[in-house]
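Trainee: I'd like to learn how to read helices, sheets and odd backbone angles in a model. Could we walk through one together?

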Amino acid sequence: MNQKLEADLRYKRIIYKPNNPDPNRQAIVFTGGIHGNEPAGYTALESVLSNLEQSGISLQGDVYAFGGNLKAMEANKRFLTIDLNRLWTKKLVHQFKTGEISSSVWGEEIEEFAELLSEIEHILQFYHNKVIFIDLHTTSSKSVPFIPINDTLSNRSLALNFPVPTVLGIEEFIDGPLLSYINEVGHVALGIEAGQHEDPRSADIHASFIRLCLHFTRTAIVPASRVQQDLAALKAACPTLNGIYEIWYRYAIQPNEKFRMTPGYSSFSEVHAGQELAVSEGKRIFADRATRVFMPLYQEQGEDGYYLIRKVSKRWLLLSAWLRKSRIEVLFAALPGVHRTAPDTLVINRYIARFMSKEISHLFGYRIQSSTQSHLLITKRDLD
Ligand SMILES: [Zn+2]
């Protein structure tokens, strides 16, 4: 971005960078405002990182913080031409680098993407250890704070430090979020959805989360009293929810469908069997079992009506951790109906390998890339 333009903007690309970076230290990278109508994360990064000394926080590792979609933030819009958090796939990164993508396709966002990618790649090349990425967001609907992750063991173990619910599986419904890309290139990445966009508490939740990230990743020494206050603040924001949830259903709105979410739901709302969830084309839609609603759609635009989530049992978490470490799944590729097409990718013929359901794929740490009646395409999430 040219300097004149940056000087005119309220938001800056670089919120914080280490003075003397050291490749042997632990590095942590925060991004805020990758969606332009979600400034709470950016504001919190600015306030926490400009007050480190006064807060008694002493850095032990290298901390980076970047502003996301600066021009969209200025306009208070999610994006201007294209969602900056849907462009992070290996394929699109490659096409961008080879010049196959122009600003006529990505509009203003191409410049935002170019700058962020260059910062991120520089960091990934520089550090010897895995880098930890934290992407700060807020939601359009009312919600308690939660941590979306791709289900890798290292993401899981970091996420479980926080007294807010963790949600697995969003990446199977969303193409190209930054966090999935970071996982794909072998690093650790957590998201945080701090609450509703306009809720003034969202920036406070972000600030607590940022300090706790510094603490749990040992990139800073944070005073114990501060850690306790921040843990209490997160806990107070979602007193009855913790542990890990997974998305098991997505209601996809068809083009031109008249969809209306039944009023009164927020993320994690409990529903009982037979409860009305939404109305589509005048027909009421009911829950077929007791479950929880997640990210209900109460704005005009969007393709996802609502998701349904369920709690993941401790037993499942332990079993899946053990299976992934045991590497038993290397035998899968040798089974009839299962075909390895790349080191981390399997194609499964569902008529032959009927046992390989989505649930078993998840247990072994695979992500469903695409699914048809006859085939599943799955990719490995754990690159440890
Ligand atoms: Zn967002």
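## Reading strands, helices and loops

Mentor: Let's start with one pair of residues: in β13, the bridge partner of F259 is S280. Keep in mind throughout that this is a predicted model.

Trainee: How should I think about strands pairing in general?

Mentor: Strands of a sheet pair through backbone hydrogen bonds, and the pairing can be parallel or antiparallel. Here, β11 and strand β13 (residues 276–280) pair in the antiparallel sense over 3 bridges.

Trainee: In what order do the strands of that sheet come?

Mentor: The order is β11-β13-β14, an open sheet of 3 strands with antiparallel pairing. β11 (259–261) and β14 (283–286) are at the edges with a single partner strand each, so one side of each has no neighbour in the sheet. On average, neighbouring strands of this sheet are turned by 25 degrees against each other, direction ignored.

Trainee: What lies in the loop between β13 and β14?

Mentor: E281 is found in that loop. Its backbone is worth a look: E281 has a positive phi of about 50 degrees although it is not a glycine.

Trainee: Is E281 buried or exposed?

Mentor: Exposed: E281 has 10 C-beta neighbours inside 10 Å, and the cut-off for exposed is 12 or fewer.

Trainee: Which loop holds M295?

Mentor: The one between β15 (291–294) and β16 (304–311). M295 also takes a positive phi of about 50 degrees without being a glycine.

Trainee: And is M295 buried or exposed?

Mentor: M295 is buried, with 26 other C-beta atoms within 10 Å. So for M295 the count reaches the buried cut-off of 20 or more.

Trainee: Let's go to the sheet that includes β17. How many strands form it, and in what order?

Mentor: 4 strands form an open sheet in the order β17-β18-β20-β19, with antiparallel pairing. The edge strands are β17 (338–342) and β19 (366–371), each pairing on one side only. Neighbouring strands in this sheet are turned by 30 degrees against each other on average, direction ignored.

Trainee: Can you take me across it, strand by strand?

Mentor: Sure, starting at β17. A hairpin of 2 residues joins β17 to β18, and 4 bridges join β17 to strand β18 (residues 345–349), the two running antiparallel. To follow the register, find H339, which stands opposite V347 in β18, and R340, which stands opposite L346 in β18.

Mentor: Next, 5 bridges join β18 to β20, again antiparallel. In β20, T379 is the bridge partner of T345. Finally, β19 and strand β20 (residues 375–380) pair in the antiparallel sense over 5 bridges, with Y366 opposite K380 in β20.

Trainee: Which side chains of β18 point to the buried face?

Mentor: L346 and I348 point to one face and are buried. T345, V347 and N349 point to the other face and are not buried, so the side chains alternate along β18.

Trainee: Now helices. What do I need to describe two that pack together?

Mentor: Two packed helices are described by the angle between their axes and the distance between the axes. In this model, the axes of α2 and α9 come within 8 Å and cross at roughly 50 degrees. That makes α2 oblique to α9, and α2 passes α9 in a right-handed crossing.

Trainee: Which residues meet where α2 and α9 come together?

Mentor: From α2, A40, G41, T43, A44, L45, S47 and V48 meet S202, A203, H206, A207, I210 and R211 in α9. As a general guide, an α-helix has 3.6 residues a turn, so residues three or four places apart point the same way.

Trainee: How many residues of α2 are buried?

Mentor: Helix α2 (residues 40–49) is mostly covered, with 8 of its 10 residues buried. They are A40, G41, Y42, A44, L45, E46, V48 and L49.

Trainee: What about α9: how many residues does it have, and how far does it reach?

Mentor: Helix α9 (residues 201–216) has 16 residues and reaches 22 Å from its first C-alpha to its last, close to the 22 Å expected at 1.5 Å a residue. 13 of the 16 residues of α9 are buried, so this helix is largely enclosed by the rest of the structure.

Trainee: Which residue just after α9 takes a positive phi?

Mentor: R218 does, at about 60 degrees.

Methods. Residues are numbered from 1 along each chain as its sequence is written. This is a predicted model: local features need pLDDT of at least 70, side-chain atom pairs count only at pLDDT 80 or more; totals for chains, interfaces and linings use all residues. The expected span of a helix is 1.5 Å times one less than its number of residues. Two strands pair if DSSP finds at least two bridges between them. Axes are lines fitted to C-alpha atoms, for helices over the stretch in contact, and angles run from 0 to 180 degrees between N-to-C directions. Angles under 35 degrees count as roughly parallel, over 145 as roughly antiparallel, 65 to 115 as roughly perpendicular and the rest as oblique. A crossing is left-handed if the near helix is turned anticlockwise from the far one by less than a right angle, and right-handed if clockwise. Two residues are in contact if their C-beta atoms, placed from the backbone, lie within 7 Å.
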